[in-house]
Amino acid sequence: MRSDASPGLKIAAIGGLLFLHLPILLIFLYAFTTEERTYQFPPPGLTTEWFAVAWNREDIWPPLWLSLKVAAIATLLAMILGTLVAAAMSRAKFFGREQISLLIILPIALPGIITGMSLRSAFSILDIPFSMWTIMLGHATFCIVIVYNNAVARFRRLSGGVLEASADLGANAFQTFRHILLPNLGSALLAGGMLAFALSFDEVIVTTFTAGTGVDAKTLPIWMLDELIRPRQRPVTNVVAIVVFAATFFPILIAYYLTRGGSETAGGGK
């Protein structure tokens with residue numbers, strides 16, 4: 001904030017920051033409260049016992065591992081397919097390319113409930129049983145867009161003459177990819193993968209439509225939603241929320257530092 005900004009502008013900026021971040025601070029605060037059932041303010045006391053309680057809750061670990069597996073597989077699939085699509089769209093010129101580009105980024109622009117409903121209908125029509133794999137495929141629809149946007153921005157900044165020079169010097173496709181493309185795309189792909197992992201890890205709406213009804217199809221965000229509806233130990237949910245916050249905040253922060261100053265992080269608005 002500029003030092004010569006008016007007092008009204010400073011107050012408005014501070015108010016906006018508080019409006020955005022105060023709910024997150026409250027989650028952190030009530031992870032330490034001594035009250036188990038209510039959100040009494042101020043908290044009657046502070047304790048760290050809920051972290052131990054959360055660690056020993058057996059019903060937390062399966063959703064956590066499922067969320068990690070789904071996010072990892074969806075991210076890997078997105079990095080492969082998103083990079084290949086970005087290479088094709090940035091290097092090839094053909095009729096309807098702009099329209100196809102719009103179709104590629106459409107899943108990130110559509111409301112999650114529309115994406116979830118369409119995927120659920122497709123899985124039902126194809127008679128695909130709901131499982132971890134349907135959740136992963138649902139997450140991959142928007143994760144691919146994140147990686148694609150990062151990769152295509154970097155491809156467009158990469159001179160085609162470099163690839164032609166590599167071919168003129170006798171390098172095959174694998175050598176060109178390893179020594180030319182990968183060093184230039186590395187940070188953009190890593191940033192895109194981290195953003196995709198963060199979005200997949202805390203996704204709720206698409207997961208609700210693409211998951212089954214069993215306990216083994218419940219990701220950590222879905223577990224948290226169930227706990228809020230039928231609370232047993234409210235502070236434990238806040239402890240888990242801190243874990244989700246860390247698992248999404250730090251990858252996004254690293255992705256920001258990897259790509260700041262560039263245009264590779266477009267499309268992260270899911």
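Start with the largest pocket: 17 residues line it, and if you select I27, M224, A241, V244 and F245 you have the ones nearest its centre. Keep in mind as you click around that this is a predicted model.

Next, colour by helix. α1 (7–30), α10 (220–229) and α11 (234–259) are the elements that each give two or more residues to this lining. Pick α11 before the others, since the largest share of the lining, 7 residues, comes from there.

Now switch on a surface for the pocket. The space inside comes to about 390 Å³. Colour the lining by residue class and you'll get 13 nonpolar, 3 polar and 1 charged.

From the pocket, follow α10 over to another helix, α3. Two packed helices are described by the angle between their axes and the distance between the axes. For α3 and α10, the axes come within 7 Å and cross at roughly 145 degrees. To see what makes the contact, select P63, L64 and S67 on α3, then L220, P221 and W223 on α10. By class, that set splits into 5 nonpolar, 1 polar and no charged.

Last stop: zoom in on S67, which sits in α3 (residues 61–91). Is S67 buried or exposed? It counts as buried because its relative accessible area is 2%, and the cut-off for buried is under 20%. To see what surrounds S67, show F201, T219, L220 and P221; S67 touches these four, leaving out residues up to four places away in sequence. Two of the names, L220 and P221, should look familiar from the α10 side of the helix contact.

Definitions and conventions
Residues are numbered from 1 along each chain as its sequence is written. This is a predicted model: local features need pLDDT of at least 70, side-chain atom pairs count only at pLDDT 80 or more; totals for chains, interfaces and linings use all residues. Side-chain values use heavy atoms; hydrogens and water are left out. On a 1 Å grid over the protein atoms alone, a cavity is a set of points where a 1.4 Å probe fits but cannot get out, and a pocket is an open set with protein on both sides within 12 Å along at least five of seven lines; lining residues have an atom within 4 Å of a point. Grid points are joined across faces, edges and corners, and a volume is the space filled by probe spheres set on the points. Helices (H or I, at least four residues) and strands (E, at least two) are DSSP runs, numbered from the N terminus. Ala, Val, Leu, Ile, Met, Phe, Trp, Tyr, Cys and Pro count as nonpolar, Asp, Glu, Lys and Arg as charged, and the others, Gly among them, as polar. Buried means under 20% relative accessible area, exposed over 50%, partly exposed in between (1.4 Å probe, protein chains only). Contact means heavy atoms within 4.5 Å. Axes are lines fitted to C-alpha atoms, for helices over the stretch in contact, and angles run from 0 to 180 degrees between N-to-C directions.
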